[in-house]
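Open the structure in your viewer and keep the selection tool at hand. The stops below say what to pick and what is found there.

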Amino acid sequence: MIRAVICDLYNTLLDVGPPPAAARACWEQLRAGVLPTRPELTLEELETATRAVTLRHHAAARARGVDFPEVVWPDVLREAFPELGGLPEFDLNVFIGFHTAMLRRVSLASGAAECLAAAQRAGAVLGIASNAQHYTLLELEVALDGAPLAEAAFDPGLRFLSWQHGFAKPSPRVFAWLTERLAARGIAPEQTLMVGDREDNDCLPAAAAGWQTWHYGPGRGWAEMRARYFPEGATEAPAR
C-alpha cells in the first residue's frame with residue numbers, strides 16, 4: 001500500500017522547455033532597470049559569473065565535508081554582482097523571477113495533477129524532494145494554476161528543497177531527512193513511492209532508503225503510474 005508519494009520537480013512534475021523567443025529583449029529591459037552600470041552585460045556573462053561563484057561555494061562546502069552541496073541563489077547573485085546587494089529583498093526576488101523565466105519555460109507535466117489527485121483520494125500524502133531554489137515553489141504554484149491539484153496539496157513537512165539545507169540529491173541525507181518525517185506520521189519506507197526522472201539522483205538513493213520507486217520517463221509517465229498504483233477506487237498498490 002502506497003501511503004506517501006514524494007515527487008522530484010524539474011523534468012518530472014514540471015516539464016522544462018527552451019527559453020521564450022523574446023528572452024534577450026526582455027533581458028535588456030530588466031538589466032537596464034536593475035544593473036544600469038553594466039550596459040553590456042549579457043545573459044551569458046551573467047551565467048558565467050554566477051557559475052564561478054557557485055563553483056567556489058561548492059568547493060568550500062566540500063572542504064567542510066558536505067556531500068552534494070547546494071547554494072542559495074540570492075547570495076550567489078549578490079556576490080557575482082555587488083550592485084544587486086543594494087536592492088530591497090522584494091525587488092531582488094522580482095529580478096530573480098524574471099531572470100529565471102528568461103532561461104527556460106516551466107509547465108506542468110501531462111497527467112501529473114490527475115495522478116497525484118488520485119493518490120490523495122486513495123489516502124496517500126504528497127511530498128517533494130527537489131534540488132531547488134527559493135523561486136521553485138512559485139514556479140510550481142503557477143504551473144498548477146487551474147489544475148485539479150494545488151501547491152498546498154504537498155505536505156509542508158514533507159518538502160525537501162535543497163537550497164534550505166545546503167545539500168542536495170543524491171545525498172542519502174535527503175532521503176533520511178524525509179524518512180524520519182514520514183516515520184513520525186506512521187509511514188514506513190516501503191509504503192513510500194519516489195517519483196523522479198533520474199536513476200542516479202532519485203531512484204537509486206530512494207531504493208537504498210527502502211522506498212519504492214517510479215523512474216519517470218517514456219512509457220512510464222504519470223498516466224501509467226496512476227493506472228498502476230492509483231486506479232479510481234483503489235486503496236492499495238502492488239509491490240514493485
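Start with helix α3 and its neighbours: in this predicted model, the buried residues of α3 pack against α2 (43-63) and α4 (89-103). To see which residues these are, select residues 73-80 and pick out W73, P74, V76, L77 and A80, the buried residues of α3. Now look down the axis of α3: the buried residues fall within an arc of 160°, so they line one face of the helix. An α-helix has 3.6 residues a turn, so residues three or four places apart point the same way.

Stay with α3 and select E79 together with R56. Their side chains meet in a salt bridge, at 3.1 Å from N to O. This pair links distant parts of the chain, with E79 in helix α3 and R56 in helix α2, 23 residues apart. E79 is partly exposed at 38% relative accessibility, and R56 is partly exposed at 46%.

Helix α2 takes part in another salt bridge: select E44 and R24, whose closest N and O atoms are 2.6 Å apart. E44 belongs to helix α2 and R24 to helix α1 (residues 23-34), and 20 residues separate them. Here R24 is exposed, with a relative accessible area of 53%, while E44 is partly exposed at 37%.

Next, go to the loop between α2 and α3. D67 in that loop pairs with R173 in helix α7 (residues 172-184), so the salt bridge ties together parts that are 106 residues apart in sequence. The closest N and O atoms of D67 and R173 are 3.4 Å apart. A further selection, D8, K169 and D202, shows a network of salt bridges. The whole structure has 13 salt bridges.

Move to helix α4 and select F98, which lies in it. F98 is partly exposed, with a relative accessible area of 49%. Add F90 and V94 to the selection: with F98 they make a nonpolar surface patch of about 320 Å².

Then turn to the interior. Which residues touch the most other members of the largest nonpolar core? Of its 55 residues, they are V5, L116, L149, F154, W222, M225 and F230. Helix α5 (residues 112-121) gives this core its largest share, seven residues. Apart from this core lies another, of 17 residues, including A129, F167, L178 and M194.

Finish on W222. Leaving aside residues up to four places away in sequence, W222 touches C7, T12, L13, A109, S110, G111, A112, C115, L116, V195 and Y216.

Terms used. Residues are numbered from 1 along each chain as its sequence is written. This is a predicted model: local features need pLDDT of at least 70, side-chain atom pairs count only at pLDDT 80 or more; totals for chains, interfaces and linings use all residues. Side-chain values use heavy atoms; hydrogens and water are left out. Buried means under 20% relative accessible area, exposed over 50%, partly exposed in between (1.4 Å probe, protein chains only). Helices (H or I, at least four residues) and strands (E, at least two) are DSSP runs, numbered from the N terminus. The arc is that of the directions from the helix axis to the C-beta atoms. Contact means heavy atoms within 4.5 Å. A nonpolar core is a set of buried Ala, Val, Leu, Ile, Met, Phe, Trp, Tyr and Cys residues joined through side-chain atoms within 4.5 Å. Patches are made of residues with over 30% relative accessible area and no salt bridge: like charges are joined within 9 Å, nonpolar side chains (Val, Leu, Ile, Met, Phe, Trp, Tyr) within 5 Å. Accessible areas come from the Shrake-Rupley method with a 1.4 Å probe; for residues, only the protein chains shown count as cover. A salt bridge is a side-chain nitrogen of Lys or Arg within 4 Å of a carboxyl oxygen of Asp or Glu.
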